[in-house]
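Got the viewer open? Grab your selection tool and follow along, stop by stop.

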Amino acid sequence: MNMLTNLEIARGAKLLPIEEVGRSMGLREERHLEPYGRHVAKVDLCAIEDLSERPKAKYILVSAITPTPLGEGKTTTTVGLGQAFSHIGKRATIAIRQASMGPAFGIKGGAAGGGYSQVVPMERLNLHLTGDLHAVTEAHNMLAAMIDNHLYHGNGLGIEPHSISWRRVMDVNDRSLRNIVIGLGARTDGVPRQSGFDITAASEVMAILALASSLEDLRERLGRIVIGHNREGNPVSAEDVRGAGAMAVILKEAIKPNLMQTLEGTPALVHAGPFGNIATGNSSVVADLIGIRTADYLITEAGFGADMGAERFFNIKCRISGLEPDAAVVVATVRALKAHSGRYQIKAGAPLPEELLEENPQDVLAGAENLKKQIENIKLHGVPAVVAINAFPTDHPSEHKAIEEAAKEVGARCAVCRHFTEGGKGAVELARALEETIEENERERRRGGGGSFRFLYPLEMPLKQKIETIAREVYGAEGVEYDAEALRALEGFERAGFGRLPVCLAKTHLSLSSDPALKGAPRGWKLSVREVRASVGAGFIYPICGQMRTMPGLSAHPAAERIDLDGEGNVVGLF
């Protein structure tokens, strides 16, 4: 079947005026919406208070099994599910992350969904949108400039230059900027020191934008950013170098969520996009606080598999927002479960192995332990799970049946979804399964049973114990090993008063373990923590397990080679 490209489908869409989309959510044009053209608007944060008396929507998280490097379709499923609810007479709002242009011009693709389940206009979403990522870049680099200016003008705070952890950021994949030396040249050109660049999504400012619950909270969090320590070993903050106020001013408009729509007119709040490897990987708290009062269902997503994105969503984002999820979707694909059998290698940018496309339900079952563990990770938090089989044309019915059997073994409903090719009607079965699951759980709770949302650990728990709880219960590790530097850092954070922060474990997204080569649901391994850092402004500690790249590089033939303008000024080659 020849199918139009994502861009061709998106360009053929008939869009509603953004004011009409806002009215369908209860937003008032003159008070809540700030239009950016005809099809995008910023939503003023006064909507949180104005809508607070409206009924609260059912809150659904979309997560996944451990993905392949190609991704398994969480955003597309989020969009398709949002559209599907209108096919069964219910209203939905979706909340998704903003796109980073680094991956868009690299190899991963965009963040608007795909096929007939997209947020539109997709070029706007994937390229600049309303400039929030640029604001994050500017705010981050403003602080970097303030730090180096402080050193140049005498270093009155006694900052130890080698302790400065605040690098610079940009929204481009450029490996040559990972390590640089700044301040070269004449004495008036600054203080020479080693530094580097990260991609903007990896900035702590991006995580703060995602987790702030108000403009005031954003300002306070920016002030708490720790940029290094002084000669006595005490933390030095953004407030100390007097950089936080200017950063807040730069981000004043960026904290307002962006309102868009799907191909079928479902409201879509698009806001923030923290790096899923070292930060929460969720869309913003303020988008969810608005969206939760605008429909029957609010559907949001969390980056990577349920061991990473969902765990952080439950234990970090939900603590801040105060919202409790009613259900979670675990997206699974035949190709990923076959890869978890350990018999196939899938590489980004390369064709799938031909033998992987042959009918083989036994390989699906061999990889199904990963699906069962990710469902268990959702249930650990008292949340019922439904499996969405993101169906591909190369799948076989027997392979879908194998996934259904695996899900049934751990008590989860399952639905085959074809929203990529059919839009909302292709995810109606999933919408009905969620509706039934939520109603069933509520009935059980009224009888004194069923699941109730709970955190995995209390904040009072020491940092080491939090790490070990996640490693054992969510990743299935046998234990945790620490490098000496990591232990020193943990002790220092406890002494500095950061011990009550939640933890955001930074590890590979390609395995439940910290080794990307281990597939399925590995057992008998130990999590190795080599370093521990603090994002005090965002409000979490992040232990680093394995090598984490925070500035990606480009492939031999990146997407940027194919992206251009045609003779009429239209974007071509964008997915």
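Start by selecting strand E9 (193-195), helix H9 (204-211), strand E11 (226-229), helix H20 (484-495), strand E21 (531-535) and strand E22 (540-544): each gives at least two residues to the lining of the second largest pocket. Helices (H or I, at least four residues) and strands (E, at least two) are DSSP runs, numbered from the N terminus. This is a predicted model, with local features needing pLDDT of at least 70, side-chain atom pairs counting only at pLDDT 80 or more, and totals for chains, interfaces and linings using all residues. Residues are numbered from 1 along each chain as its sequence is written, and side-chain values use heavy atoms, leaving out hydrogens and water.

Now colour H20, which brings the largest share of that pocket's lining, six residues. By type, the lining of the second largest pocket splits into 20 nonpolar (Ala, Val, Leu, Ile, Met, Phe, Trp, Tyr, Cys and Pro), 13 charged (Asp, Glu, Lys and Arg) and 16 polar (the others, Gly among them).

Next, hop to His150, in helix H8 (residues 132-152). Show Val241 as well: His150 and Val241 sit 91 residues apart in sequence, yet 7.2 Å apart in space, C-alpha to C-alpha.

Last stop, the cysteines. How many disulfides (pairs of cysteine sulfur atoms within 2.5 Å) does the structure hold? Zero. Pick Cys417: the nearest cysteine sulfur, that of Cys414, is 8.3 Å away. Cys417 is buried (under 20% relative accessible area, with exposed over 50% and partly exposed in between; 1.4 Å probe, protein chains only), at 0%. Finish on Cys545, whose sulfur is 10 Å from the closest cysteine sulfur, in Cys504, too far for a bond.

Key. A disulfide is a pair of cysteine sulfur atoms within 2.5 Å.
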